[in-house]
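Got the viewer open? Here is a tour, stop by stop, with something to select each time.

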Amino acid sequence: VPGKLLGRAEDVCAGAGTRENAGYVFAAVAGRVTRVPGGGEDGSLETVSVAHFKRPLNHHGAEAAGSGLPGIPRVGEVVLGRVVRITAQMVNVSVICVGESVLRQPCGGCIRVEDVFPGDVDHSAVQMPNCFRPGDVVRARIIAMGDSRAYFLTTAEVDLGVIWTRGPAHEVMVPVAWDQVASPESGATQTRKAAKLSEALLKTLAADSEGEDSPDSDEAESESESTGKKPKR
């Protein structure tokens with residue numbers, strides 16, 4: 001079951017369906033435990049993996065190709081999520097997509113102040129509220145498994161950061177510079193750590209300015225039904 005202790009990190013290597021935390025390896029999904037010898041730099045350790053009941057492992061302890069549901073998020077993968085909370089030192093994100101796969105249930109992620117920009121940037125000068133705001137949709141990369149509550153994410157690449165948000169008048173805003181988002185409708189701008197997007201994707205996001213297919217459209221419709229008022233666009 002998720003959270004079950006599988007061994008010490010010095011004794012086993014964390015494989016598919018597991019996560020390492022505080023020197024120990026734990027199950028990350030419910031399924032069957034598999035131990036394969038030959039792990040570690042010198043091949044002296046076992047690689048312990050957990051095969052989801054709908055996502056079997058191959059004989060190397062890795063997820064079999066084309067099997068069942070998308071796997072759990074892994075270090076190095078690009079994710080999409082929504083900012084839910086901001087502090088001076090980190091941003092909490094609800095991760096909803098891994099690559100092109102939508103997760104059945106969102107999982108937690110956090111962007112620490114030192115992971116917003118590349119390492120040569122003075123982190124003490126980074127103001128998190130100027131980089132992200134609640135409701136922003138961000139593209140980030142997993143850099144560590146983190147703790148039991150959240151993956152550690154980074155936006156310290158040119159194509160990572162805020163890709164979509166809404167302005168004060170509920171208008172859609174998209175990246176126009178590395179540190180700015182703007183509304184295609186009104187031209188209003190706000191400061192963000194913005195991602196560099198392709199022209200095709202920018203056009204798609206800008207075309208969503210009416211909110212018909214936006215991540216907030218369901219909430220807006222619910223507001224409209226409960227209040228009898230037309231939601232702001």
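Start by selecting Gln190: with a relative accessibility of 13%, this residue counts as buried. Keep in mind as you look around that this is a predicted model. Gln190 sits in strand S15. Show everything it touches beyond four places in sequence, and you should get Arg133, Gly167, Pro168, Met173, Asp179, Gln180 and Val181.

Now turn on the side chains of Gln190 and Arg192, which are joined by a polar contact of 3.0 Å.

**Next: Arg192**

Move the selection to Arg192. Strand S15 (189–191) lies on one side of its loop and helix H2 (199–206) on the other. Is this arginine buried or exposed? Arg192 is buried, because its relative accessibility is 3%, and the cut-off for buried is under 20%. Colour its contacts beyond four places in sequence and you pick up Asn130, Cys131, Phe132, Arg133 and Asp136, then Val162 and Thr165, and then the run Trp178, Asp179, Gln180 and Val181. Phe132 is the one to follow from here.

**Next: Phe132 and the core**

Select Phe132 and expand to its contacts, skipping neighbours within four places in sequence. Val83, Ile86, Val91, Ile111, Val116, Val138 and Val162 light up, along with Thr155, Arg192 and Lys193.

Which residues touch the most other members of the largest nonpolar core? Phe132 and Leu153 do, in a core of 27 residues. To see where that core comes from, colour strands S7 (78–86), S8 (90–98), S9 (101–112), S10 (137–144) and S11 (151–154), plus helix H1 (128–131): each of these supplies at least two of its residues. S8 gives the largest share, with four residues. A second core, separate from this one, has seven residues, and among them are Val137, Ile163, Val172 and Val174. As background, nonpolar side chains tend to be buried together in soluble globular proteins.

**Next: Gly161**

Go to Gly161 in strand S12 (residues 161–166). This glycine is buried, at a relative accessible area of 0%. Its contacts, not counting residues up to four places away in sequence, are Val137, Val138, Arg139 and Thr155, together with Lys193, Ala194 and Ala195. Draw a C-alpha to C-alpha distance from Gly161 to Val137: the viewer should give 8.4 Å for this pair, which is 24 residues apart in sequence.

**Next: Gln89, for contrast**

Select Gln89, in the loop between S7 and S8. Gln89 counts as exposed because its relative accessible area is 52%, and exposed means over 50%. Beyond four places in sequence, Gln89 is in contact with Ile111, Arg112, Val113 and Met128. Try the C-alpha distance to Arg112 as well: 6.0 Å, for two residues 23 apart in sequence.

**Next: a three-stranded sheet**

Swing over to the open sheet with strand order S1-S4-S3, where the pairing is antiparallel. Which strands stand at the edges? They are S1 (5–8) and S3 (18–21); each has a single partner strand, so one side of each is left without a neighbour in the sheet. From one strand to the next, the twist averages 25°.

Zoom in on S3 and strand S4 (residues 24–27), which are joined by four bridges. Asn21 stands opposite Tyr24 of S4.

**Last: colour by confidence**

Switch to pLDDT colouring. The chain averages 78, and 71% of its residues reach 70 or more. Where is confidence lowest, and where highest? The lowest is helix H3 (residues 217–227), with a mean of 39, while H1 has the highest, at 96.

Two stretches deserve a selection of their own. Over residues 54–70 the pLDDT stays under 50, and the model has 37 contacts for them beyond four places in sequence. Residues 211–233 also lie below 50, with 27 contacts in the model beyond near neighbours in sequence. Where pLDDT is low, the predicted coordinates should not be read in detail.

Then zoom out to the whole chain. Its 233 residues are 41% buried, and the chain has three helices and 15 strands. Of the contacts between residues at least 6 apart in sequence, 46% join residues at least 24 apart.

Conventions. Residues are numbered from 1 along each chain as its sequence is written. This is a predicted model: local features need pLDDT of at least 70, side-chain atom pairs count only at pLDDT 80 or more; totals for chains, interfaces and linings use all residues. Side-chain values use heavy atoms; hydrogens and water are left out. Buried means under 20% relative accessible area, exposed over 50%, partly exposed in between (1.4 Å probe, protein chains only). Contact means heavy atoms within 4.5 Å. Two strands pair if DSSP finds at least two bridges between them. Axes are lines fitted to C-alpha atoms, for helices over the stretch in contact, and angles run from 0 to 180 degrees between N-to-C directions. A nonpolar core is a set of buried Ala, Val, Leu, Ile, Met, Phe, Trp, Tyr and Cys residues joined through side-chain atoms within 4.5 Å. pLDDT is the predictor's confidence in each residue, from 0 to 100. A polar contact is a pair of N or O atoms within 3.5 Å; within protein, one must be able to donate a hydrogen and the other to accept it, and residues adjacent in sequence count only if both atoms are side-chain atoms.
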